[in-house]
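This report describes selected side-chain contacts and record annotations for one protein chain. The sequence and structure come next.

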Amino acid sequence: MAGWMWIRCFLGPHLQRVHRSQGESRTEGRAGRRGWTYQPKSLEKHTDSILGWASALWSLSYYSSPLLLCYLYRKGYICSSKLVPVSQYVGTVMVCLLGVACLRGWGRWRNSEYQQFISILEETRKNHTPSNKKKLACYDFDFSHWPADFSWEEVSNPKLLSKTGVSLLKPEPKLRGAADSVLNSLRTLPCHIVSFLIAHSFGRRMLYPGSVFLLQRAMRPMLQQGQARLIEECEGQRNKLVACDGNEIDTMFVDRRRDEGQHGQTLVICCEGNAGFYEVGCMNTPLEGGYSVLGWNHPGFAGSTGVPFPQNEANAMDVVIQFAVHKLGFQLSEIVVYAWSIGGFTASWAVMSYPEIQALVLDASFDDLLPLALKVMPDSWRPLVTHTVRQYMNLNSADQLCKYQGPVLLIRRTKDEIITTTGPEDIMSNRGNNLLLKLLQFRYPQSYKTERDVFFPWSVGEDMTLEGRRQLALFLARKYMRNFDSTHCTPLPYSEFTAPWRL
């Protein structure tokens, strides 16, 4: 029995914090606090530190591996005579780390608090009942060991999906002849290969720096503190959702439906930025207003698995909405989607795919990724950047937004330094302007100059004079967009989070 418990401690997750159960009475001492940081004993503490440094060094060598391999090749180390002793050194280090892990398991086994935690975790895995989950929710640990709370397959038919997941808007293909298409494919094959390598190496990490392990490790104390506040002060409920592509999505739900405020019956689903996490992100804004709030982390961020490509992002957003409707009991008409920065892509996908959603609020968001990508890359790379973005990172938020006919509010940061194509002082280059213009041109084609044949229920402005149309266009722009005098990353105060204008 003791040997089996040691094995479970050896294979168990890293325990970070113990949250006080909401049902416990307040007493003096440590138990009287909301929660406390898990205190490992000396052996577990030192061995865990060694393994943590080994993990950080491995991540550093992984990200620097191209430069490291080039250096070793130029020095002549990549040959059979050099690789044999290197492999022996690596094997010795691996054996030593295995011994350190065994000692850590021994240290955990001697800690009664960790033994209690691992017993609750094993019981919850065997029998995932609400009572067992409530006990497990009192602990903050590696989320990969958390049992799944909801799966996309519970409410949807996998046969109705493509192999990649939910549907996305695709750019219209150019019509070519069969022979011309084959020759063009051969000619552009090198470009396709380079685009693939860029997108799956530094391109994805530049677009979503929050998915880089080293950044997450540096932010870990801040994330743990934010999560403790949501659970212990806001009574948040952490859940693991399994998307249709198999990615596990880390979510946090704060239920305010039992409060007396008028906003508690409305659920605000928050979509974070490219380096944002729900623990320290835009969830705080609707929480201040008394709303029920559901936050989630992008694939590859914190407890979520996978990589944040557009398809995976849409798959994650889909399972979050399904969870809100089928597990939490909200109607689509009771849901407001709120997004900051790059989160506008998943938010616009959500309202496009679920048009019954009550409203959409986009803060510091943009219309299309391509102009912003071209801003930071060399001009000589323009064709390659264009192909890479359109093929692998096509965040076409404006096209998706035009598919939604419900209330929309856009918040523009007047000193935004991220989504401007020239500089923060030039508000005219803010891509939020383009997002607003495309939306209004689609919804009110008679009031704005447009060359497309668009259909929207409102043909207002058709019989107006030129001056009347100009006044109407300015009126609509003020109703759909609000200015916030701040930079891109300043948290949005609740006073700026207002309901969108309704016709």
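The text below treats annotated regions, a buried aspartate, aromatic pairs and salt bridges in turn. The model is a predicted one.

**Annotated regions**

An unreviewed UniProt entry carries the annotation "transmembrane region" for residues 50-74 and 86-106. In the model, residues 50-74 are 96% helix and 0% strand, with the end C-alpha atoms 32 Å apart. Residues 86-106 are 100% helix and 0% strand, and here the end C-alpha atoms lie 31 Å apart. The unreviewed entry in UniProt also places the feature "domain: AB hydrolase-1" at residues 267-383. That span, residues 267-383, is 36% helix and 18% strand. Its end C-alpha atoms are separated by 42 Å.

**Aspartate D363**

D363 belongs to strand β10, which runs over residues 359-363. Is D363 buried or exposed? Its relative accessible area is 1%, under the 20% limit, so D363 is classed as buried. The D363 side chain makes a polar contact of 2.6 Å with the side chain of R413. Leaving out residues up to four places away in sequence, D363 touches Y338, A339, W340, S341, I411, R413 and L492. R413 therefore appears both in the contact list of D363 and as its polar partner, where the cut-offs are 4.5 Å for contact and 3.5 Å for a polar contact.

**Aromatic pairs**

The model holds 19 aromatic pairs. One of them joins F253 and F330, whose ring centres are 6.2 Å apart; the planes stand at 80°, so this pair is edge-to-face. F253 sits in strand β6 (residues 248-254), while F330 is in the loop between α11 (310-326) and β9 (335-340). The pair therefore ties together parts that are 77 residues apart in sequence. Both F253 and F330 are buried.

A further pair is formed by F475 and W501, with centres 5.8 Å apart and planes at 90°, so it too is edge-to-face. It links distant parts of the chain, as F475 is in helix α17 (residues 466-480) and W501 is in the segment after β12 (481-484), 26 residues apart. F475 is partly exposed at 38% relative accessibility, and W501 is partly exposed at 26%.

Ring pairs also link Y38, Y114, F117, Y139, F141, F143 and W146 into a cluster. One member of that cluster, F143, has K240 over its face, at 5.2 Å from the ring centre.

**Salt bridges**

How many salt bridges does the model contain? The count is 17. Three of these are listed here with the distance between their closest N and O atoms.

| Basic residue | Acidic residue | Closest N and O atoms |
|---|---|---|
| K133 | D149 | 3.4 Å |
| R470 | E467 | 2.8 Å |
| R482 | E496 | 3.5 Å |

The salt bridge between K133 and D149 links distant parts of the chain, with K133 in helix α6 (residues 130-136) and D149 in the loop between β3 (139-141) and β4 (150-151), 16 residues apart. D149 has 9% relative accessibility and counts as buried.

R470 and E467 lie three residues apart in helix α17, so about one helical turn separates them. Helix α17 is also the element that holds F475. R470 is partly exposed, with a relative accessible area of 43%, and E467 is partly exposed at 42% relative accessibility.

The salt bridge between R482 and E496 again links distant parts of the chain: R482 is in strand β12 and E496 is in the segment after β12, 14 residues apart. Where do the two residues fall on the accessibility scale? R482 has 29% relative accessibility and counts as partly exposed, whereas E496, at 17%, counts as buried because the limit is 20%. The segment after β12 also contains W501, the partner of F475.

Beyond these pairs, D140, R238 and D250 are joined into one network by salt bridges that share partners.

Technical notes. Residues are numbered from 1 along each chain as its sequence is written. This is a predicted model: local features need pLDDT of at least 70, side-chain atom pairs count only at pLDDT 80 or more; totals for chains, interfaces and linings use all residues. Side-chain values use heavy atoms; hydrogens and water are left out. Helices (H or I, at least four residues) and strands (E, at least two) are DSSP runs, numbered from the N terminus. Buried means under 20% relative accessible area, exposed over 50%, partly exposed in between (1.4 Å probe, protein chains only). A polar contact is a pair of N or O atoms within 3.5 Å; within protein, one must be able to donate a hydrogen and the other to accept it, and residues adjacent in sequence count only if both atoms are side-chain atoms. UniProt positions are given in the numbering used here, feature names are shortened, and annotations may be inferred rather than shown by experiment. Rings of Phe, Tyr and Trp (its six-membered ring) pair if their centres lie within 6.5 Å; planes under 30 degrees apart count as stacked, over 60 as edge-to-face and the rest as tilted. A charge sits over a ring if NZ of Lys or CZ of Arg is within 6 Å of the ring centre and within 35 degrees of the ring normal. A salt bridge is a side-chain nitrogen of Lys or Arg within 4 Å of a carboxyl oxygen of Asp or Glu.
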